[in-house]
Amino acid sequence: MEEVVIVGAGIAGLATAVALKKVGVHALVLERSEGLRATGAALSLFPNAWRALDALGVSEKLTSLYPPFSKGYVTDVKTKAIQEVRYDASKGSGSEQRTLHRKILLEALAEELPPNTIRFSSKLTSIDTLVEQGSSICVLALEDGTIIKSKVVIGCDGVHSRIARWLGLGEPVDSGRSGIRGIAVYPQGHGLNHEVQQFVDVSKRGGFIPLDDKEVYWFLACKVPPKGSDMGGDPNLLIREVAENLAKDFPPLYLDIVGHSDFSTLTWAPFMFRYPWDVVLGNLTRANFTVAGDAMHPMTPDLGQGGCLALEDAVVLGRHIGSSVSQGGELETRDVGFALERYVRERRWRAAMLITASFLSGWVQQDGSSWWMKFLRDVVFYKFLLGKAVSATRYDCGKLC
């Protein structure tokens, strides 16, 4: 009998395992891949994520590698108008934003776990429950025939989560937009300022962010699937489509960065999200099963909050499950169901709000060139609403205990 089984060794799964370890609960992490997955190459973490990493005790590993940003720019490709965005980069200000390699984050979390916590190549085939001594027990069957019983199962298995489906949550829907991401490599150094650069055009938005002296993370979001996306994401076709079609009007510097891409880091994916009312009204926990990260709240990447919310989830889950540990150091099965309900109550509305805010942010920045859309984007969104959205990134999920 396992205390807790976590399905998925992404950001949410590993962070949750670390949180549980710190409150005295052992978790087994099941990962279907053969090793740690780093799809997406890089991600930005905002103040709410760094507060969560502080609670998990891993932030110092990362802050020493990646300096914060002090400012960024948003350029209208057609009009050449530039909006400056200022960040408070002073340490401890609560406003730090950093962009880092996804794999480095996963490795930093995995290093905190005891050996053999993660079981790779573990493919889930069935989910069930049974009652033992009046308590609900979770039963998972794996492709290799292994049967695992656990007091708690946490689905951190991504956008197309089997655990979410078992709970009865609606399938994520396609937003009608997609994104290409990659990392450019300059062996002799890129010479760029440590600033966030974004470029907005009709139905598309791109940008780049230096990771270190030699690597630059770049992205492009658009309303049409790029050529190459239907051929397994052929890197040559993707690069050509970006340079010769989708971003042909972008500044030469952006195109040069795209041209320096490491093909192994290139990814294309549609932007999926869960309807916010499914999160508010749906079953996020049942029979000692629950979900976290993208399994609970897949959202479009326009506010950069997917990974940040996953880290918040981990801390909140650890705090509530930790309250169900007996004096003997074991989970009280009858109490843990109430702990999961408290976790869901704390996360439900925040997740739904950020799903909505992310979708609207993407819509207003990319959807059309009419005068009223320009007014909404340039006057209403950038001057008034963006600040409100950014304030949500300063949220403090609290400590583990």
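User: Looking at helix H7, which residues are exposed?

Analyst: Pro252 and Gly259 are, on the other side of H7 from its buried residues. Exposed means over 50% relative accessible area, buried means under 20%, and partly exposed lies in between (1.4 Å probe, protein chains only). The labels are DSSP runs numbered from the N terminus: helices are H or I with at least four residues, strands are E with at least two. Before we go on, this is a predicted model, where local features need pLDDT of at least 70 and side-chain atom pairs count only at pLDDT 80 or more, while totals for chains, interfaces and linings use all residues. Residues are numbered from 1 along each chain as its sequence is written, and side-chain values use heavy atoms, leaving out hydrogens and water.

User: Which residues of H7 are buried, then?

Analyst: In H7, which spans residues 252-259, they are Tyr254, Ile257 and Val258. These three sit on the same side of H7 because they cover an arc of only 100° around the axis, taken from the directions from the helix axis to the C-beta atoms. Their cover includes strands E11 (173-185), E12 (196-201), E13 (204-210) and E14 (215-222), along with helix H6 (235-246).

User: How do I read a strand, say E4? Why is it described as largely enclosed?

Analyst: Check burial residue by residue. In E4 (residues 71-76), 6 of the 6 residues are buried, so the strand is largely enclosed by the rest of the structure. Lys71, Tyr73 and Thr75 are on one side, Gly72, Val74 and Asp76 on the other, and both faces are covered.

User: Which strands does E4 pair with, and in which direction do they run?

Analyst: For pairing, DSSP has to find at least two bridges between two strands. E4 and E5 (residues 82-86) run antiparallel, joined by 5 bridges. Val74 has Gln83 as its bridge partner in E5, and Gly72 stands opposite Val85. The hairpin has 5 residues between the strands, and Lys80 in that hairpin takes a positive phi near 70°. E4 is also joined to E12 by 5 bridges, but this pair runs parallel; there, Thr75 is partnered with Phe199.

User: What about a charged side chain: is Arg205 buried or exposed?

Analyst: Go by the accessibility value. Arg205 is in strand E13 and counts as buried because its relative accessibility is 6%. Its side chain makes a polar contact of 2.6 Å with that of Gln198. (That means N or O atoms within 3.5 Å; within protein, one must be able to donate a hydrogen and the other to accept it, and residues adjacent in sequence count only if both atoms are side-chain atoms.)

User: Which residues touch the most other members of the largest nonpolar core?

Analyst: A nonpolar core is a set of buried Ala, Val, Leu, Ile, Met, Phe, Trp, Tyr and Cys residues joined through side-chain atoms within 4.5 Å. Here the largest has 86 residues, with Leu45, Leu53, Leu56 and Ile154 touching the most other members. Helix H9 (residues 306-322) gives the most to this core, 9 residues. A second, separate core of 20 residues includes Ile180, Phe199, Cys222 and Phe250. Beyond its neighbours within four places in sequence, Leu56 is in contact (heavy atoms within 4.5 Å) with residues including Ala15, Leu109, Leu311 and Val315.

User: How many helices and strands does the chain have?

Analyst: There are 11 helices and 17 strands, and 54% of the 401 residues are buried.
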